[in-house]
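Colleague: I should like to go through the ligand site and the enclosed spaces of this structure with you. May we also consider its backbone geometry?

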Amino acid sequence: MDDQVPASSDVDLSRPSIARVYDYLLGGKEHLDVDRRAANALLNVVPEAAEIAKDNRSFLRRGVEYLVGEAGIRQIVDVGSGLPSAGNVHEVAHAVDPGTRIAYVDNDPVVLAHARALLATDERTTVVTADLRKPDSIFDQLGANDLIDLDEPVAVLLSGVLHHLSDDDDPAAVVATVRDRLAAGSHLLITHFLFDDESRAFALERAFLHGGLGSGRFRSWDELRSYFGGWELVEPGLVYANDWRPDEHTRVDGPVHTLYAGGVARKA
Ligand SMILES: C[S@@+](CC[C@H](N)C(=O)[O-])C[C@H]1O[C@@H](n2cnc3c(N)ncnc32)[C@H](O)[C@@H]1O
């Protein structure tokens with residue numbers, strides 16, 4: 001990573017960034033020493049930890065293909081969108097329907113700089129810097145921009161981001177606000193670290209919280225289910241991520257299968 005880092009006082013390059021650590025785990029190029037050290041703190045306790053990132057990307061692709069290809073969604077708000085990677089949400093969505101409109105939202109200014117560069121000429125896609133912990137600020141910014149019509153169904157993607165909210169951030173209240181702001185027919189996609197009574201989840205959570213990143217909670221099935229607020233879960237429901245509508249590219253015997261869960265639900 002080099003000249004693409006924005007010259008901004010918002011960017012503290014002495015600290016690891018969630019987006020860059022994730023990029024490193026996915027085999028990307030946008031990371032610094034400090035990010036690699038934080039990633040290695042994870043890999044030291046669970047050597048297969050990078051596979052969680054790959055399973056997450058795979059779920060995200062299948063989820064977007066379902067939302068646009070089967071659920072009829074034409075507007076997507078991807079919160080905690082991360083750095084551009086193989087199979088970006090707009091690419092997956094546009095392969096199914098080129099008219100799909102997408103808003104990428106992240107609180108990391110480095111993500112914003114990369115996304116702006118990638119999307120400079122794409123009129124169906126926008127980028128917003130906002131913090132999920134202040135969900136109304138996301139919708140207020142979207143409302144001020146003509147791309148996403150909040151009176152029509154929207155799919156909100158919370159892929160790999162809610163576990164970076166601490167318990168003090170009150171993720172349940174945050175997601176409730178998101179659900180309330182959406183029109184009937186909207187969908188919510190969530191993927192999240194799972195605590196399913198496994199010692200590896202304990203060890204990894206400790207490495208996330210104390211190995212440099214400072215965030216990364218592993219939560220229970222019940223906590224994850226509560227984030228959907230009673231919306232109707234699309235089949236097969238909230239499940240291990242690789243069990244959600246697997247296709248020929250989905251791993252059936254992944255080494256971290258039980259550490260990650262996901263689901264998609266629809267607002268009646
Ligand atoms: C693990 S990456 C997931 C990227 C992408 N959604 C995916 O599933 O491949 C998490 C992203 O969430 C962003 N993030 C973390 N906390 C956030 C917050 N409070 N508000 C907005 N974005 C946040 C990070 O900057 C990072 O880009």
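The exchange below concerns a predicted model, and it turns from the ligand to the pocket, the cavity and the backbone.

Modeller: Please begin wherever you wish.

Colleague: Where does the ligand sit?

Modeller: The protein covers 97% of the 600 Å² of accessible area that the ligand has on its own. A molecule is assigned to a space if more than half of its atoms lie within 2 Å of the grid points of that space. By that criterion, the ligand sits in the largest pocket.

Colleague: Which residues come nearest to the ligand?

Modeller: The shell around the ligand divides into eight nonpolar, seven polar and five charged residues. Helices α1 (18–25) and α3 (50–69) each supply at least two residues of this shell. Of the 20 residues around the ligand, those that come nearest are Y22, R57, G80, D106 and S159.

Colleague: How many Å separate a nitrogen atom of the ligand from an N or O atom in the side chain of D131?

Modeller: Polar contacts to oxygen atoms of the ligand include one from a polar side-chain atom of R57, at 2.7 Å. A backbone N or O atom of G82 lies 3.4 Å from an oxygen atom of the ligand. For the nitrogen atom of the ligand and the side chain of D131, the distance is 2.8 Å.

Colleague: Which element gives the most to the lining of the largest pocket?

Modeller: The largest pocket has a volume of about 1,000 Å³. Its lining comprises 48 residues, and S17, I18, A19, N107 and H164 are the closest to its centre. Two or more lining residues come from each of α1, α3, β1 (75–79), β2 (101–106) and α5. With six residues, the element that gives the most is α1.

Colleague: How many residues in the lining of the largest pocket are charged?

Modeller: The lining is divided by residue class. It has 24 nonpolar and 13 polar residues, and the number of charged residues is 11.

Colleague: Which helix gives the most to the lining of the largest cavity?

Modeller: The structure holds one cavity of 30 Å³ or more, and about 90 Å³ of space lies in the largest cavity. Its lining divides into seven nonpolar, three polar and two charged residues; among them are R57, D78, Y104, A115, L118 and L119. The helix that gives the most, with three residues, is α5 (residues 109–119).

Colleague: Which two residues does a cis peptide bond join?

Modeller: Most peptide bonds are trans. The exception here has an omega of about 10 degrees, and P236 is placed in the loop between β6 (232–233) and β7 (239–240). The residues joined by this cis bond are E235 and P236.

Colleague: What is the phi of D197, approximately?

Modeller: Most residues other than glycine have a negative phi. D197 is found in the loop between β5 (187–193) and α8 (199–210). Although D197 is not a glycine, its phi is positive, at about 60 degrees.

Conventions:
Residues numbered from 1 in each chain as written. Predicted model: local features only at pLDDT ≥ 70, side-chain atom pairs only at ≥ 80, totals over all residues. Heavy atoms only, no water. 1 Å grid on protein atoms, 1.4 Å probe; cavity = no way out; pocket = protein on both sides within 12 Å on 5 of 7 lines; lining within 4 Å. Points joined across faces, edges and corners; volume = space filled by probe spheres on them. Helix = DSSP H or I, 4+ residues; strand = E, 2+ residues; numbered from the N terminus. Nonpolar A, V, L, I, M, F, W, Y, C, P; charged D, E, K, R; others polar. Near = heavy atom within 4 Å. Polar contact = N/O pair within 3.5 Å; in protein donor to acceptor, adjacent residues only side chain to side chain. Areas by Shrake-Rupley, 256 points an atom, 1.4 Å probe, with all protein chains shown as cover.
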